[in-house]
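Subject: Structure handover and notes

Hi,

Here is the structure I promised to pass on to you. Please have it open while you read, and my notes come straight after it.

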Amino acid sequence: MHLTHLECPRCGTEHPAEKLQNLCDCGSPLLARYDLAAVAASVTPEQFGLRPADLWRYRELLPVADPRFVTTLGEGWTPLLRAPAYGAEIGIPDLIVKDEGLTPTGSFKARGAAVGVSRARELGVAHIAMPTNGNAGSAWATYAARAGMRATIAMPLDAPTICRRECVAAGADLRLVDGLISDAGRWIATLVGGSGGRIFDAGTLREPYRLEGKKTMGYEIVEQLGWQVPDVIIYPTGGGVGLIGIHKALHELRELGWVEDKLPRLVAVQSTGCAPIVRAFAAGEARATPWPDARTVAFGITVPAPLGDELMLAALRESSGTALAVDDAEILADLRDFAAREGLLLCPEGAACLTAARHLRAGGWIRAGERVVVLNTGAGLKYPETVDVSGVPLV
């Protein structure tokens, strides 16, 4: 392992990596830093292809020192699927979907849970707790069970039912909150604060290692494209860990000398029913303000006050990217249209990326001939209500 320390991106304070950490004293999330010169000296890009097809192939750039603590269900190395029919329809012939629905627990959240739980286990954690919109909770509950750890998960009543069932099946202490993820977060904060240090807060960006699992999406996209970067990466954005992680991965790859200086433009996609990052980006602000009465069919991006707002906005601006809010009706229409043309049922968050791609191409922000990667962050089968079958005739 080449992890050297944790760094605060806001105030620059360095923290020891061998000690359990949540936020910096200034309130910012912490980022894991590596000795990249030592990584470059120990491994070459060609060697990854000789390793197992999971995210642990990038072990030199991950934070777990002792392989005995690695907790895995085979997560990572999801396919890049070309979408020529739908791409031609919207004017993006080189449209590619990275399908995270094939990850264990059915969403990209398994990446963060695998690395976060593994590192927590290595640092002696016995009990984690977190708020969730659904998929992260089911992933962390599952990996905690795999690691022999306890898990307390709080989620809104409106979260997908399957996620509730997954948590219960994994033996987690599940609590339902009549409200949003922010309300679930307040309940978890009270629980952790009263535990005398026995329960570790593993909420979004409140510990530094979930991000390290999510960043492997960036490594995989580049490796799967033959160590080339696409022109645009479009990401559905709630808590934003995946967006921040992909941005971090791309910069690490550039510093390693494994990709050219030109990096993809990043796009954050939100719903018009909950768009704090889009609003802050458009206003040129460094921080987002909470979104009132947040509601969208893309439940995973219903995050009215994301902790990682500064990091997301910085990633968008540094990459010459943009942020776009799309309407729920369009999300559902594009989900159906894409499935009919390409045979892949996306989650609503993934479908939101298609809607964004369509608008950005129509407006000229995505230029003719550009290679565009969209992230389908979960299996469409976890959201059966997105496809209306009430009009199907009985014979």
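Below is what I found, going from the parallel sheet to the aromatic groups, the cores and a few single residues.

Please keep in mind that this is a predicted model.

**The four-stranded sheet**

A good place to start is an open sheet of four strands, in the order β8-β7-β6-β9, where the pairing is parallel. Strands β8 and β9 (200-201) stand at the edges with a single partner strand each, so one side of each has no neighbour in the sheet.

Strand β7 spans residues 150-156, and six of its seven residues are buried, so the strand is mostly covered by the under 20% cut-off for relative accessible area. On one flank, β7 runs parallel to β6 (residues 127-131), and five bridges join the two. If you want a landmark for that pairing, look for Pro131, which stands opposite Ala154 in β7. Between these strands the chain passes through helix α5 (residues 135-147), making a right-handed β-α-β crossover from β6 to β7.

β7 also pairs with β8 (residues 173-177), again in the parallel sense and over five bridges. Two of the residue pairs here are easy to pick out: Thr152 has Asp173 in β8 as its bridge partner, and Ile153 has Leu174 in β8. The path from β7 to β8 goes through helix α6 (residues 161-169), and this β-α-β crossover is right-handed.

**Aromatic groups**

Searching the whole structure turns up seven aromatic pairs. One of them is Tyr58 with Tyr219, a tilted pair with 5.1 Å from centre to centre and 55° between the planes. This pair brings together distant parts of the chain, 161 residues apart: Tyr58 is in the loop between α2 (45-48) and β4 (80-82), while Tyr219 is in helix α9 (residues 216-224). Both Tyr58 and Tyr219 are buried. They also belong to one aromatic cluster, together with Phe48, Trp227 and Trp258.

Trp227 deserves a separate look. Its place is the loop between α9 and β10 (232-236), and its phi is near 60°, a positive value in a residue other than glycine. Trp227 counts as buried because its relative accessible area is 19%, just as the cut-off of under 20% requires.

Two arginines sit over tryptophan rings as well. Arg57 lies over the face of Trp77, 4.0 Å from the ring centre, and Arg265 lies over the face of Trp365, at 4.4 Å from the ring centre.

**The nonpolar cores**

The largest nonpolar core has 55 residues, and those with the most contacts inside it are Ile233, Ile246, Trp258, Leu266, Leu316 and Leu375. Helix α10 (residues 241-256) gives the most to this core, with eight residues. Leu266 shows how the surroundings look: beyond its neighbours within four places in sequence, its contacts include Ile233, Leu243, Ile246, Leu250, Ala315 and Leu316. Polar residues are on the list too, among them His247, Ser319 and Thr322.

There is also a second, separate core of 32 residues, which includes Ala110, Met130, Ala147 and Ala151.

**Single residues to check**

Val115 is found in helix α4 and is buried, with a relative accessible area of 0%. Setting aside its neighbours within four places in sequence, Val115 is in contact with Leu55, Trp56, Leu62, Pro63, Tyr209, Glu212 and Gly213. For a sense of scale, the C-alpha atoms of Val115 and Thr322 are separated by 29 Å, with their positions 207 residues apart along the chain.

Thr105 is in the loop between β5 (95-99) and α4 (109-122). Its phi is near 70°, which is positive in a residue other than glycine, and Thr105 is buried, with a relative accessible area of 16%.

Last comes His15 in strand β2 (residues 14-15). At 12% relative accessibility, His15 counts as buried. Apart from its neighbours within four places in sequence, it is in contact with His5, Leu6, Gln21, Cys24 and Leu30.

Happy to go through any of this with you whenever it suits.

Best wishes

Definitions and conventions: Residues numbered from 1 in each chain as written. Predicted model: local features only at pLDDT ≥ 70, side-chain atom pairs only at ≥ 80, totals over all residues. Heavy atoms only, no water. Buried < 20%, exposed > 50% of the residue type's maximum accessible area, 1.4 Å probe, protein only. Pairing = 2+ DSSP bridges. Right-handed = clockwise from strand over helix to strand, strands pointing away. Phe/Tyr/Trp six-rings, centres within 6.5 Å; stacked < 30°, edge-to-face > 60°. Lys NZ or Arg CZ within 6 Å of the ring centre and 35° of its normal. Contact = heavy atoms within 4.5 Å. Core = buried A, V, L, I, M, F, W, Y, C linked by side-chain atoms within 4.5 Å.
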